[in-house]
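Please open the structure in your viewer and keep the sequence panel beside it. The tour below moves from one selection to the next and says what is there at each stop.

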Amino acid sequence: MFDGINIAILIGSGLVAISALTSLISQRVGAPLLLVFLGIGLLAGEDGLLGIDFDSGATAYFIGSLALAIILFDSGFETPLKSYRTAGAPALVLATLGVILTTGLVGVAAYFLLDLDWQEGMLIGAIVASTDAAAVFFLLRTGRITLRNRVRTTLEIESGANDPMAIFLVASLVSLIAASEGLPLDTLGWELLNRFAQQIGIGFLAGLVGGFAIAWMLNWMRSLEAGLYPILALAAALMLFAGTGLIGGSGFLAAYLAGVVARARGVRYAARLRRFQVGMTWLAQIGMFLALGLLATPSQFAAVALPAIILALFLIFIARPVATYLCLKPFRFSNREIGFVGWVGLRGAVSILLAVMPTLGGVPNGDLYFNIVFIMVLSSLLIQGWTIPLTARKLKVLAPDEPGIVERVELELPGNAAMELISYRIHPDSTVARGDRVPRWARPVLILRDGQALTVHKAGPLKANDHVYLFAAPRLISLLDNIYAAPAGSDDTAILGDFTLSAEATLADVSEQYGATVPAANAQLSLADFMTQEFHGQPA
């Protein structure tokens, strides 16, 4: 018995370690990292090199649900409330109405392509209707592309908020199919509406209350060992997830919303919690993809490969773009932005996890759903995941990188003091590299030059390509950029244009110079206020 336990631990930890190490290979060849994790699970499975016979859908669903709850809580905690002011409305429309539209479009295609009834077709549509939070967050935070703020924020909020809707649709359809021989479309719609009101309503309230409770608890327990704060926060989030599910609500929505509320309220040791969550989220992603890869049986894919690939192409090139266009066009997104958001419709472990539910719920031919969805996810990761950086460049939705900043570390200070340790590499044409005096408030505390750490007094005049470290409040970072990371006295025309206008100038003044007309209500707005208004608080 003990040998079996040791062998299981050895294999499990080995697969996790291999998955982590393959990130280096993924970066070199440009492969989507989460596709690599899934591939390792397939190679270790019953049709792979190790031949591990893992066929417990219940265990895989447990691992996946636990991992997804961790990922969603972290997703919510990493989303500042100001992001909702920038792109909350379009992202939430995409996360709700977009999921429903995608479900309907793919459901109709599956009905005709796979010779299923309406409920079964809609079930496949619902399983693949949501984008994968793990895949999208990995792309946006570690994918080495810098998107325009509104596009990036829309994708972040959508990927975190659309899973509860898809899970609700799948769970409802599974229970309806298992309990009856089939319902008319109008009856099916009313049943789903009733279940939606219960699950989403309870999940929303539980998330709000739970988020306030988590923030209050972490701030109240001042004498708790600092290292236990992240563990307590995550344990509370998982308790909220499970408790909400027990009373008939969406635990996934509650976990995500609790993260958003806890961040907005502010918690002690927030930086430590974020660092802890980074590791836990990576472990959750690896564990979820490995378990679902082990569960798959590739030898069964051939029977459904052709219709599954056709359905995947329909999802990628028709259903997702149409749903995205209908949801985002009223919010004045450009066609380029809509096209890119539509292309970043990555399907991943969440869809595979939902494909386990028909079997667990007693739906006939449960393996059919799992195999079709698995092939669709592989197609999505291969086609979309590999081409997203190229698509971002072609559609011109990239934003300028943060100039010169090498690293930013949030510091844990008593009270509400906000301070960061910032590292810059000095631009060769910056004012300080040319010998200008550094303001007292912007002086570095440490300089790295030729592999040596020097104090300000020993370093002498700052030189190009020196790495400087300094403490600063977040509000000063844009000023520091101009000192250390920008060419002296020059404008980057690629970013700012060929010439600039004063931010204090009013629209009336500008329109008079250029012979343009502006609405009377906006005539006295300054250019700065007008741009802030037009670009939803985040002009780039």
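In which helix is the place of Gln-199? Select residues 185-220, which form helix H8, and you will find Gln-199 within that helix. As you look, keep in mind that this is a predicted model.

Stay with Gln-199 for a moment and show its surroundings. Its relative accessibility is 19%, and because the limit for buried is under 20%, Gln-199 counts as buried. Leaving aside residues up to four places away in sequence, Gln-199 touches Phe-168, and it also touches Gly-248, Gly-249 and Ser-250.

Now zoom out until the whole protein is in view. The protein has 540 residues, of which 47% count as buried, and its secondary structure consists of 21 helices and five strands. If you consider the contacts with a separation of 6 or more, 74% of them join residues that are 24 or more positions apart. Switch on the surface, if your viewer offers one: the protein exposes about 26000 Å², and carbon and sulfur atoms supply 63% of that area.

Next, select two helices together, H3 (residues 57-77) and H9 (residues 228-246). Two packed helices are described by the angle between their axes and by the distance between those axes. Here the axes of H3 and H9 come within 10 Å and cross at roughly 120°, which makes H3 oblique to H9. The crossing of H3 and H9 is right-handed.

To see where these helices meet, show the side chains of Ser-65, Leu-66, Ala-69, Ile-70 and Phe-73 in H3, and then those of Ala-233, Leu-234, Ala-237, Leu-238 and Phe-241 in H9, since these are the residues in contact. Sorted by class, the contact of H3 with H9 has nine nonpolar residues and one polar residue, while charged residues are absent from it.

For the last stop, select helix H11 (residues 270-295) and pick out Leu-292 within it. Is Leu-292 buried or exposed? Leu-292 has a relative accessible area of 0%, so it is buried. Display its neighbours as well: not counting residues up to four places away in sequence, Leu-292 touches Ala-60, Ala-349, Ile-352, Leu-353, Val-356, Phe-370 and Phe-374. One of these neighbours, Ala-349, is worth a distance label, for Leu-292 and Ala-349 are 57 residues apart in sequence, yet their C-alpha atoms are 7.3 Å apart in space.

Terms used:
Residues numbered from 1 in each chain as written. Predicted model: local features only at pLDDT ≥ 70, side-chain atom pairs only at ≥ 80, totals over all residues. Heavy atoms only, no water. Helix = DSSP H or I, 4+ residues; strand = E, 2+ residues; numbered from the N terminus. Buried < 20%, exposed > 50% of the residue type's maximum accessible area, 1.4 Å probe, protein only. Contact = heavy atoms within 4.5 Å. Areas by Shrake-Rupley, 256 points an atom, 1.4 Å probe, with all protein chains shown as cover. Axes fitted to C-alpha atoms, helices over the stretch in contact; angles between N-to-C directions. Parallel < 35°, antiparallel > 145°, perpendicular 65-115°, else oblique. Left-handed = near helix turned anticlockwise from the far one by under 90°. Nonpolar A, V, L, I, M, F, W, Y, C, P; charged D, E, K, R; others polar.
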